[in-house]
Amino acid sequence: MPARAGARRAAVLGTPIAHSLSPVLHRTAYAELGLEGWTYDRFEVDEEGLPGFFEALGPEWAGLSLTMPLKRAVIPLLDGISETAASVDAVNTVVFSEDGRRTGDNTDIPGMVAALREHGIEKVESAAVLGAGATASSALAALARICSGEVTAYVRSEARAAEMRQWAERLDVAVRIADWDDAERALNAPLVVSTTPAGVTDTLARAVPDRPTVLFDVLYDPWPTVLAARWSAYGGAVVSGLDLLVHQAVLQVEQMTGCAPAPLEAMRKAGERALAAR
């Protein structure tokens, strides 16, 4: 696939955005791919400011990465979205075509699947999800592709439980809702996906089983989390948020630039160096 010609711009938008590793990953990809004149920046943009940002974009723009709280707010501003993005009502990637069309996609979902596959996880009989926020819906969509049985979601409130039931029905995933007070039981599942903010799962580390299986913790800073460190120490496999971030960024780079494959390992090493320097 030939690269899109000329100097082009891309960026990540969201708030807060200063912590984002996306510029490091994308700029590394551009350098490895020999894309001279391509730039990738970060902009602090909230939902209110998003329409104005879009209105000011010129023809030099190739694409945008979106983080919270913009993944749903952007949808009305687009000409179309992929089936993957529509399945969870969330867009994290916008590609601007040469004819001016703005198309949204969600690379988090295939990024999760790719990160698990890289660690040898292609199919599981059941899984557990910790948390019920926006990332949990993407996790359910990813599990719809690899989990043949039931997914147990551990949540804190009935409102969150209702949301997960709705996503489960929409994504055609068999989901059982469990109370967060019983979250220690999740750690015995063949695959545990933690989608919670930093610190929330720290107290669960004491309950890591003697022979843990696979933990996918979507955080990457701070890393390792207390749970991931204990899991690894007990011999379990750990998939990190950086694994997810890199795999979804690879897909973004390929879509925005037209160059495939994107340099996965170079992007991962650049991300690791950037985290180590913090």
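The following legends describe close-up views of a predicted model.

**View 1. The largest pocket and the residues nearest its centre.** In this predicted model, the largest pocket has a volume of about 1,100 Å³. Its lining comprises 41 residues. Among these, T67, M68, K71, T135 and V218 lie nearest the centre of the pocket.

**View 2. Secondary-structure elements in the lining of the largest pocket.** Two strands, β3 (61-66) and β8 (151-155), each give two or more residues to the lining of the largest pocket. The helices α4 (108-118), α5 (134-146) and α8 (241-257) likewise give two or more residues each. Helix α8 provides the largest share, with five residues.

**View 3. Residue classes in the lining of the largest pocket.** Nonpolar residues number 19 in the lining of the largest pocket, and polar residues number 17. A further five lining residues are charged.

**View 4. The second largest pocket.** The volume of the second largest pocket is about 170 Å³. Eleven residues line the second largest pocket, and G58, P59, F96, S97 and G100 are the closest to its centre. By class, the lining of the second largest pocket consists of four nonpolar, three polar and four charged residues.

**View 5. The annotated span, residues 12-94.** An unreviewed UniProt entry places the feature "domain: Shikimate dehydrogenase substrate binding N-terminal" at residues 12-94. In the model, the end C-alpha atoms of residues 12-94 lie 10 Å apart. Helix accounts for 29% of this span and strand for 23%.

Definitions and conventions: Residues numbered from 1 in each chain as written. Predicted model: local features only at pLDDT ≥ 70, side-chain atom pairs only at ≥ 80, totals over all residues. Heavy atoms only, no water. 1 Å grid on protein atoms, 1.4 Å probe; cavity = no way out; pocket = protein on both sides within 12 Å on 5 of 7 lines; lining within 4 Å. Points joined across faces, edges and corners; volume = space filled by probe spheres on them. Helix = DSSP H or I, 4+ residues; strand = E, 2+ residues; numbered from the N terminus. Nonpolar A, V, L, I, M, F, W, Y, C, P; charged D, E, K, R; others polar. UniProt positions renumbered as here; feature names shortened; annotations may be inferred.
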